[in-house]
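I opened this one to look up a few helices, a strand pair and the cysteines. My notes are below, in the order I worked.

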Amino acid sequence: MMEKVQRFGSAMLAPVLLFAFAGLAVGIGKVATLENIVGPLANEGTMWFKIWDVWLSGAWTVFTQMELLFVLGLPIALAKTANARAVLEAGMVYLTFNYLSGTMLKYWGQDSGGIFQLNYGVDISESAAGTGLKMIAGIKTIDTGIFGAIIISAIVVWVHNRWFDKKLPDFLGIFQGTQYVYAVCFFLMFPVAFLFTLLWPYAQHGIESMQGFFIASGALGVWIYTFLERFLIPTGLHHFIYSPFMFGNAVTPNGIAKDWPTHLSEFAQSDKPLRELFPGGGFALHGNSKVFAPAGIAAAFYTTARPEKRKEVLALVLPVSLTAMLIGITEPLEFTFLFVAPPLFAVHAVLAATMASIMYMFGLSGNMGGGLLDNFIFLNWVPLWQNHWPTYLMQIGVGLCFTVIYFLLFRFLILKFDFKTPGREAEGGETKLYSKAEYKAAKAAEKKGGASAEDGDTDLYAPRAAGFLELLGGADNITTVNNCATRLRVSVADESLVDTSDAAFKDAGALGIVRKGKAFQVIVGMDVPQVRERFETMVNTKA
């Protein structure tokens with residue numbers, strides 16, 4: 001069961017990754033149309049305004065069609081075969097669900113004296129917030145948010161995995177495959193749409209109460225949320241922690257990721273405290289640990305390494321630290337010490353939660369779940385600096401204090417307990433290859449600009465994929481393949497066929513290996529999508 005939950009959690013990464021660029025695009029567009037930034041150019045009707053208004057109309061796509069994004073994104077990772085067809089099926093079934101739900105409300109909604117608690121006649125042409133309804137792909141339907149999208153997508157994937165390959169009699173052959181999956185789901189959507197339309201209004205009332213509860217929890221709630229978001233990263237369950245807050249309506253009507261940039265112009269013109277303007281934004285401060293912690297952690301690794309290893313350690317930690325700070329991808333750095341000194345990861349989760357809660361107590365709020373480029377600069381600091389610079393100076397001050405705390409505490413713990421962090425491994429020990437493999441991966445990434453991964457002899461990914469496949473027992477032993485930001489997730493038929501030596505995986509180019517029964521996580525690095533593509537090709541072309 002845990003394996004399935006982890007697989008579902010990692011599948012959330014496919015749609016979530018698009019928010020990094022989409023948020024950056026919206027932030028740039030907002031900055032370019034703020035009067036306190038560009039002056040009269042921001043006036044409606046100017047050519048400057050029109051150009052950037054066109055830009056923003058495209059930049060908002062990911063946020064306004066969030067439900068479709070999750071519906072189409074999940075089957076990419078969850079379908080066991082014919083992923084592209086599963087995406088097609090999920091999209092059509094989700095639209096069918098919404099058409100059914102909307103028509104049920106039309107005939108039996110509150111304004112028609114029916115059994116459903118929603119009023120279909122309410123005008124939602126401007127905004128769906130507070131109505132219980134929403135326009136999705138031009139369909140006026142019940143607003144189930146990403147929760148409904150995920151449920152429908154999961155149903156489709158289940159049907160797809162179970163019956164896509166079902167053989168029908170020859171005279172019914174036209175209904176095989178995608179047609180059969182859609183037909184089954186079509187009939188399933190009638191009771192599903194009815195139950196959602198009947199019961200979801202009660203869930204909406206509960207969500208409204210929950211929003212008040214989380215906001216009222218204050219700094220303690222922010223601490224618990226941030227701690228769990230960091231602490232659960234190794235399990236892949238952290239996706240279930242942040243998604244309801246960032247993309248669902250746990251604390252704001254449409255999710256922090258959408259509601260913060262929506263009101264950015266309004267916040268820029270106000271001198272009220274950010275926490276008062278957007279109280280739910282305390283649950284999107286976990287990015288501060290991505291920006292301020294890496295420098296302290298890297299410095300602790302460097303200063304505790306043996307002198308002859310420091311140059312190698314610097315080459316190891318510098319690129320991953322910059323990656324974490326600039327774009328918020330922290331797993332390469334965090335997994336570097338997670339597998340050699342797990343207590344340090346627990347300390348990291350505590351410090352990250354404490355940093356976020358202190359900043360929130362001092363008035364900080366906003367959308368800061370990513371790194372400097374995709375969140376901090378264009379969605380917070382630049383547009384809001386004029387009226388909120390004292391809050392941001394406080395944030396930077398507190399963050400730098402925690403950089404020092406990270407350095408001092410990590411350095412003390414590494415020396416006190418002799419943790420074998422990079423540069424401290426014993427001669428011939430496994431952790432020596434750990435840091436060496438990471439160094440190789442960084443060097444390979446640098447060469448990508450001059451060598452295409454598609455050029456046969458210069459393929460940087462196929463050798464690793466082939467090595468991992470052999471160590472995992474060969475193509476016949478692979479049952480499922482998936483990946484998250486840095487890990488290749490594989491399930492096998494017989495775990496006894498998998499090589500038991502972690503060093504063997506590291507020799508093949510892995511940064512580490514996690515074993516959980518028949519589920520294995522090969523720590524690859526940021527180029528895991530390319531490695532997975534080669535890996536799956538080798539599995540699917542087995543003799």
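What follows is my notebook on this predicted model.

**Entry 1: Ala86**

I started with Ala86, which sits in helix H8, residues 83-108. Is Ala86 buried or exposed? Its relative accessibility is 1%, so I put it down as buried. Next I asked what Ala86 touches, leaving out residues up to four places away in sequence. I got Pro75, Ala79, Val156 and His160. I then checked Val156 separately: it is 70 residues from Ala86 in sequence, yet the C-alpha to C-alpha distance is 7.6 Å.

**Entry 2: cysteines**

I wanted to know how many disulfides there are. With the cut-off at sulfur atoms within 2.5 Å, the count is zero. I looked up the accessibility of two cysteines while I was there. Cys185 has a relative accessible area of 0%, so it is buried. Cys401 comes out at 48%, and because exposed needs over 50%, Cys401 counts as partly exposed.

**Entry 3: helix H17**

H17 covers residues 310-327, which makes 18 residues. I checked its span: 26 Å from first C-alpha to last, close to the 26 Å expected at 1.5 Å a residue. Its buried residues are Val313, Leu316, Val317, Val320, Ser321 and Ala324. I noted the general rule here: an α-helix has 3.6 residues a turn, so residues three or four places apart point the same way. I also looked just past the end of the helix, where Gly328 follows H17 with a positive phi, near 80 degrees.

**Entry 4: strands E3 and E4**

Strand E3 is residues 478-483, and I found it mostly covered, with five of its six residues buried. Its partner is strand E4, residues 487-492; the two run antiparallel and are joined by five bridges. I looked up one pairing by name: Asn483 has Leu488 in E4 as its bridge partner.

**Entry 5: helix H24**

I gave H24, residues 528-540, the span check too. Its 13 residues should span 18 Å at 1.5 Å a residue, and the end C-alpha atoms are 18 Å apart, so that agrees. Which residues of H24 are buried? I listed Val528, Val531, Arg532, Arg534, Phe535 and Val539, two arginines included. These buried residues lie on the same side of H24, because they cover an arc of only 165 degrees around the axis. Last, I looked up what they pack against: helix H7 (66-78), helix H22 (462-471), and both E3 and E4. That takes me back to the strands of the previous entry, so I stopped there.

Conventions:
Residues numbered from 1 in each chain as written. Predicted model: local features only at pLDDT ≥ 70, side-chain atom pairs only at ≥ 80, totals over all residues. Heavy atoms only, no water. Helix = DSSP H or I, 4+ residues; strand = E, 2+ residues; numbered from the N terminus. Buried < 20%, exposed > 50% of the residue type's maximum accessible area, 1.4 Å probe, protein only. Contact = heavy atoms within 4.5 Å. Expected span 1.5 Å × (residues − 1). Pairing = 2+ DSSP bridges. Arc of directions from axis to C-beta.
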